[in-house]
Amino acid sequence: MRKKIGLVGGMIVLIIGLVYSFPALGEVGIGLGTHYNVALKEIDISNFDNSHLSYVASLRTKTAWIMLDGGLEYRPNLGDISYTVSPRISFLVDILGSGIYGGAGVQKTYIQWTSGTSEWSNLTYLLQAGWEVRLGAISLTLDAQYESPIFSVQDINTDFVTFGARVFIYF
């Protein structure tokens, strides 16, 4: 297991190095944040439950109005699951440079069970929309995400949208 985490960490460092070495790709940002893994219809603001939080490390490149958003989400202690790690990548479009963006992506989740066994989930498709507020080289992003094992825009159920927030530093 440590080899897999080391491999993922090494890949992230390599990608950051490659992206940073190509200035023609535009801006490059590194971000940290959280994702609240509760569907919209089940959120109870009066009873916030920290056990539904996952932690996200991200890399985002921006050229004009096009963004490539990669992330690694870690979620600890889920009952019979020790933790999950989900690498993801999304292609996003900033609408008219307004900071409001949307797009689609994919993710795959590594699951470590408390029994000691582990497995990878099937590929999951993402629809992502958000708002990025820039303050110089630092930005705050607020995201809404919809995940589905089948890519179908007609079958979207907005009751299953989840939310996240990240802070990016751009170079």
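Student: How many cavities of 30 Å³ or more does a search of the whole structure find?

Tutor: The search turns up two. A cavity here is a set of points on a 1 Å grid over the protein atoms alone where a 1.4 Å probe fits but cannot get out. This is a predicted model, in which local features need pLDDT of at least 70 and side-chain atom pairs count only at pLDDT 80 or more, while totals for chains, interfaces and linings use all residues. Residues are numbered from 1 along each chain as its sequence is written, and side-chain values use heavy atoms, with hydrogens and water left out.

Student: How much space lies in the largest cavity?

Tutor: About 120 Å³, where a volume is the space filled by probe spheres set on the points, and grid points are joined across faces, edges and corners.

Student: Which residues are closest to its centre?

Tutor: Val56, Arg88, Asp143, Gln145 and Arg166, out of 16 that line the largest cavity. Lining residues have an atom within 4 Å of a point.

Student: And which elements give two or more residues to that lining?

Tutor: β1 (27-36), β2 (53-63), β3 (66-78), β9 (138-148) and β10 (162-170). Strands are DSSP runs of E with at least two residues, helices are runs of H or I with at least four, and both are numbered from the N terminus.

Student: What is the lining like by class?

Tutor: For the largest cavity there are three nonpolar, eight polar and five charged residues. Ala, Val, Leu, Ile, Met, Phe, Trp, Tyr, Cys and Pro count as nonpolar, Asp, Glu, Lys and Arg as charged, and the others, Gly among them, as polar.

Student: Switching to pockets. How much space is in the second largest pocket?

Tutor: About 240 Å³. A pocket is an open set of points with protein on both sides within 12 Å along at least five of seven lines. The second largest pocket is lined by 14 residues, and those closest to its centre are Asn37, Ser86, Gln107, Thr109 and Glu147.

Student: Which element gives the most to that lining?

Tutor: β4, with four residues. The elements giving two or more residues there are β3 and β4 (81-94).

Student: Back up a bit. How many helices and strands does the chain have?

Tutor: One helix and 10 strands. The helix comes at the N-terminal end of the order, which runs α-β-β-β-β-β-β-β-β-β-β.

Student: Now serine 139. Buried or exposed?

Tutor: Serine 139 counts as buried because its relative accessibility is 2%. Buried means under 20% relative accessible area, exposed over 50%, and partly exposed in between (1.4 Å probe, protein chains only). Serine 139 is in strand β9.

Student: What does its side chain make a polar contact with?

Tutor: The side chain of glutamate 132, at 2.8 Å. A polar contact is a pair of N or O atoms within 3.5 Å; within protein, one must be able to donate a hydrogen and the other to accept it, and residues adjacent in sequence count only if both atoms are side-chain atoms.

Student: What about glutamate 27, where is its place?

Tutor: Glutamate 27 is in strand β1 and counts as partly exposed, at 30% relative accessibility. Its side chain has a polar contact of 3.0 Å with the side chain of arginine 134.

Student: Which residues does glutamate 27 touch, leaving out those up to four places away in sequence?

Tutor: Arg60, Thr61, Lys62, Arg134, Tyr170 and Phe171, with contact meaning heavy atoms within 4.5 Å. The C-alpha atoms of glutamate 27 and lysine 62 are separated by 5.1 Å, although these residues are 35 apart along the chain.
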